[in-house]
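Trainee: Can you walk me through this one? I would like to start with the packing and then go on to the backbone.

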Amino acid sequence: MTSLICTLQDHRDDVNGCAFSGKLLATCSGDKTIRVYNTSDFSEMPFSPLSGHGYSVHCCCFSACGQFLASCSTDATTVVWSMATGEIEAVLEHPGRSPVRICALSPDSAHLVSGASDGTLALWDFPSKELCRTRAVNDTTVVACSFSPCSQVFMTGSTYGDLRLWDLNMNQLHAEKNAHDLGVSCCTFAPSILSGGQIVQFRLASCGQDTHLKIWAITKFSSEAYKMQLLHTLTDQSAPVLSCAYSSDGLLLVSGSVDKTVTIYDAINAVLLYTLNKHERYVTACAFSPTSPLIATGSMDKAVCIWRLEDGCSGHGGKLLPEEPALTSKEGRTSAGRSKLLVSDWSEKDVSEWLAEEGLRTLVDKFRANNIDGTELLSLTKETLASELHIESVGLRSKLLRKVEELKSDSVCSGIPDEFLCPITRELMKDPVIAADGYSYEREAIESWINTKNRSSPMTNLPLLTTLLTPNHTLKMAIGRWKTSQ
């Protein structure tokens, strides 16, 4: 079941995009503004609306911790905003001064890509806000972009109908010609990484003017070659599909269409769960909250609808979540002793107390039996919950993972940019290195992890294909510049 919990009607023109962080919702519009809301009650933030663009704003996206928001516009700029003050942190002028149609931040917040109407792509070093390199796709407009969950490759889509996979050196790794007849409108990677033997696999959803929503498998082989295979074509909407987004656990997929509908699918089995009818004009944008069972949809009717999903999000029975517990901040509810510790430093007892506070008391005995401490808690995935901890309830697994994501968000937003914190220790990195999963870690922490955790990734819990660690000199210099500025 889904329910409409509120409608935001503050924009004065078409809503072009929307994005969630852990605690905020951002929407952008043809009225040249970005509006930012607190997701606890969807009241507008004091610094909203953000007014810095000269023309229509096409897209907006948050950095991993939600400290920054990027937005792009017909005025040929991508603007980076501070979510603490609403002030402009940087204005990135697109090479060639062509209207910027899309922008995307990598999951590790190390890079930002902007795509323009003249077919050019610009890759930016996000911490320094400096241009790294550019590339052009001739005779087309870049309208879609998404980074892989490992942050090392990204996909772009164009009005010509092609999907193209790139690495961070702007080398084209794969081109899927005519992926959508008449043009691609949106593409988005699922958040999980599948691994087995000598291959790594991602899932990607794309939609377009052909009225189709497609799910693809993108496979990387040990030879560094990539293969793209169409898994499903979903045809439940009767007009061009303009937007699509995965849930934070990768189990659900939402899309918005010119036919004014919003569809929600079981992303694994490609089964339609719900069709939502509320908007009066084209649905141009959709996004899942990473921490609450919420979906935002934006439309050319100038409205943003906020929908609440049933607990478990499976569409197979269960109760509707009460509004307050799902949306209320947990500040002040943590015990005084535990709040002084990083989550990675929590003992097994601390984890048990936290579970009880969050209404997950039924899991306490299971977690104690498996010696789950703070570090183990942060590394949990839906796969380990099902296969190793044997938690059978999809709803319970989803609820636990949402709570862990809230915990991560609350614990790291302390003034230090999230991309500078080691995912294992949650401390400022001194000697950052890149592991085989594409994430950057403090060298000592990842070496210790590899020696004691059977060489699995701390972020995905999947096997590391190699234990080779590469120094991340760019990140180390960025951290040094940040420390000097403090």
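Mentor: What follows goes through the cores, then some strands, then the unusual backbone angles. This is a predicted model, in which local features need pLDDT of at least 70, side-chain atom pairs count only at pLDDT 80 or more, and totals for chains, interfaces and linings use all residues. Residues are numbered from 1 along each chain as its sequence is written, and side-chain values use heavy atoms, with hydrogens and water left out.

Trainee: How many residues are in the largest nonpolar core, and which have the most contacts inside it?

Mentor: The largest nonpolar core has 28 residues, and Leu112, Val113, Leu121, Phe147 and Phe154 have the most contacts inside it. A nonpolar core here is a set of buried Ala, Val, Leu, Ile, Met, Phe, Trp, Tyr and Cys residues joined through side-chain atoms within 4.5 Å. Buried means under 20% relative accessible area, exposed over 50%, and partly exposed in between, with a 1.4 Å probe and protein chains only.

Trainee: Which strand gives the most to this core?

Mentor: E11 does, with five residues. Strands (E, at least two residues) and helices (H or I, at least four) are DSSP runs numbered from the N terminus.

Trainee: What does phenylalanine 154 touch?

Mentor: Not counting residues up to four places away in sequence, its contacts include Val113, Leu121, Trp166, Met170 and Phe189. Contact means heavy atoms within 4.5 Å.

Trainee: Switching to strands. Is E4 mostly covered or not?

Mentor: Strand E4 (residues 33–38) is mostly covered, with five of its six residues buried.

Trainee: And how many bridges join E3 to E4?

Mentor: Five, with strand E3 (residues 24–29) and E4 running antiparallel. Leucine 24 stands opposite asparagine 38 in E4. Two strands count as paired if DSSP finds at least two bridges between them. E4 also pairs with E6 in the antiparallel sense, over two bridges, and isoleucine 34 has leucine 50 as its bridge partner in E6.

Trainee: What sits in the turn between E4 and E5?

Mentor: The two strands form a hairpin with four residues between them, and phenylalanine 42 in the turn has a positive phi of about 60°.

Trainee: Where is arginine 97, and is it buried or exposed?

Mentor: Arginine 97 is in the loop between E10 and E11, and it is partly exposed, with a relative accessible area of 47%. Its phi is positive, about 55°, although it is not a glycine.

Trainee: Last one: which residues does the cis peptide bond join?

Mentor: Serine 48 and proline 49, with omega about 5°. Proline 49 lies in the loop between strand E5 (43–44) and strand E6 (50–51). Most residues other than glycine have a negative phi, and most peptide bonds are trans.
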